[in-house]
Amino acid sequence: MYTTNMYEGMLAETVMIHGYQGDVINAYFARPLGPGPFPGIVLVHHLPGWDEWYREVTLKFGHHGYAAISPNLYCREGHGTPEDVAAKARAAGGVPDDQAVGDLNGAMQFLRSLPYINDKVGIFGTCSGGRHAFLAACRVKGFDAVVDCWGGRVVVANEDLTPKQPVAPIEYTRDLSCPLLGIFGEEDRSPTPEQVTQHEQELKKQGKTYEFHRYPGAGHGFFYHNRPSYRQEQAVDGWNKVFAFLEKYLI
Amino acid sequence: MCTMISKTVKIGGSGKGTAGWFTVNQVNVSYDHPFHVPLEHALNIDFVNEALGPGARVAVELNPESANALVETIQAVLKQAEVGGYL
């Protein structure tokens, strides 16, 4: 816990990492100054892109004592403003799951290569990033905790699968390799409360360690202070639950 | 979250972006998260030229009622032009 008599310093910068199939992609990285050891966290941006909110979240995790990295999953779409690049990805139906998982694995490996990591690395994502975080925690070994904030399309009907998203993430639940925290709004339409319950039943069936929190009066994206979906009371409680969960498994 | 509802069609025309006029050769239409309009999902239309990079984009984000009104208006105008012998 931070107290006002502490020294505080942080380094935050763009770095290049190796992602899917060895591709070089860019990422935003923040860490506290000092020798550590620090827990690591991979932050998975949402469909609206590798945007300012994710830079703020990267800094937030750095402030909380994490070596935090947010890879640009849309790096291959070219460069421009975050909105223009995200619009291109949106038009293309997002990025392939295999590619996203490969990039997130690369971010995790980057953190594990650093001399000041405490040997624990988590992964956090919102919206499509929540879905990607869950997928990565199932398909890649090396994560110690995962936070899925309102990731939709975890439960997907067969007719809604696409070449880029060929398997419903719920099908990978048996392979989940670390504890899961789920944060959801009860008024969300993707995932719906029924889909969240369906996923919870699968987690129980597979004997996984998880916490699901469902917030009344909140819909999709209720942490986003720059959108009308923001819900102050629920967001504050949700953030507290995120950091309590990660402290339990990563510190 | 992302609906992933998106379609793309080739077109011909010009659009005016932040750097002035440019040739648009594709329109991307999605019903998904917008960037600006205060809605969870919107009907997003991006007139683009991918060869010029992601910034070559003229964007609008509409609520569904507005999108339907736009479609009907375009069709009505084209019909009137056809009846008038302009097409």
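A:Gln21 is found in the loop between strand 1 and strand 2 of chain A. In this predicted model, that loop links two strands that pair in the antiparallel sense over nine bridges. Strand 1 and strand 2 belong to an open sheet of eight strands in chain A, while chain B has an open sheet of four strands. The predictor gives the complex an ipTM of 0.90 and a pTM of 0.94.

**The sheet of chain A**

- The eight strands of the open sheet in chain A follow the order 1-2-4-3-5-6-7-8, and their pairing is mixed.
- Strand 1 (10-18) and strand 8 (210-215) of chain A are the edge strands, each of which pairs on one side only.
- On average, and with direction ignored, neighbouring strands of this sheet are turned by 20° against each other.
- At one edge, strand 1 pairs with strand 2 (residues 24-32) of chain A in the antiparallel sense, and A:Leu11 stands opposite A:Arg31 of strand 2.
- At the other edge, strand 7 and strand 8 of chain A pair in the parallel sense over six bridges, with A:Leu180 opposite A:Tyr210 in strand 8.
- Between these two parallel strands the chain passes from strand 7 through helix 5 to strand 8 of chain A, forming a right-handed β-α-β crossover.

**Helices on the sheet of chain A**

- Helix 1 (residues 52-63) of chain A lies across strand 1, strand 2, strand 3 (38-44) and strand 4 (67-71) of chain A.
- The angle between helix 1 and strand 2 of chain A is about 40°.
- Helix 5 (residues 193-205) of chain A also packs on the sheet, where it touches strand 7 (180-185) and strand 8.
- The direction of helix 5 makes about 165° with that of strand 8 of chain A.

**A buried position in strand 2 of chain A**

- A:Ala30 has its place in strand 2 of chain A.
- A:Ala30 counts as buried because 23 other C-beta atoms lie within 10 Å, and the threshold for a buried residue is 20 or more.
- Beyond its neighbours within four places in sequence, A:Ala30 is in contact with residues including A:Met10, A:Leu11 and A:Ala12, as well as A:Thr58, A:Leu59, A:Phe61 and A:Gly62.
- A:Glu13 is 17 residues from A:Ala30 along the chain, yet the C-alpha atoms of the two are separated by 6.5 Å.

**Backbone features of chain A**

- Most residues other than glycine have a negative phi, and most peptide bonds are trans.
- Phi of A:Gln21 is near 55°, a positive value in a residue other than glycine.
- A:Gln21 is exposed because it has 10 other C-beta atoms within 10 Å, and a residue with 12 or fewer is classed as exposed.
- A:Trp150, which is not a glycine either, has a positive phi of about 45°, and its place is in the loop between strand 6 (145-149) and strand 7 of chain A.
- A:Trp150 counts as buried, with 29 C-beta neighbours inside 10 Å.
- The peptide bond from A:Gly36 to A:Pro37 is cis, with omega near 5°, and A:Pro37 lies in the loop between strand 2 and strand 3 of chain A.
- A further cis peptide bond joins A:Ser190 and A:Pro191, with omega about 15°; A:Pro191 is in the loop between strand 7 and helix 5 of chain A.

**Chain B**

- The secondary structure of chain B consists of one helix and four strands, which run β-β-β-β-α from the N terminus on.
- The open sheet of chain B has the strand order 1-2-3-4 with antiparallel pairing, and its edge strands are strand 1 (5-17) and strand 4 (57-62).
- Strand 2 (residues 20-32) and strand 3 (residues 42-48) of chain B pair over seven bridges, and B:Asn28 has B:Asp46 of strand 3 as its bridge partner.
- Along the principal axes, the C-alpha atoms of chain B fill a box of roughly 45 × 30 × 20 Å.
- Of the 87 residues of chain B, 24% count as buried.
- Chain B averages a pLDDT of 96, and 99% of the residues score at least 70.

**The contact between the chains**

- The contact takes 28 residues from chain A and 19 residues from chain B.
- Helix 2 (82-91) and helix 4 (128-139) of chain A each supply at least two residues of the side that touches chain B.
- Helix 2 gives the most to that side of chain A, with seven residues.
- The side of chain A that touches chain B has eight nonpolar, 13 polar and seven charged residues.
- Helix 2 of chain A lies across strand 1, strand 2, strand 3 and strand 4 of chain B, running at about 55° to strand 2 of chain B.

Terms used:
Residues numbered from 1 in each chain as written. Chains lettered and ligands numbered in written order. Predicted model: local features only at pLDDT ≥ 70, side-chain atom pairs only at ≥ 80, totals over all residues. Pairing = 2+ DSSP bridges. Axes fitted to C-alpha atoms, helices over the stretch in contact; angles between N-to-C directions. Contact = placed C-beta atoms within 7 Å. Nonpolar A, V, L, I, M, F, W, Y, C, P; charged D, E, K, R; others polar. Right-handed = clockwise from strand over helix to strand, strands pointing away. pLDDT = per-residue confidence, 0-100.
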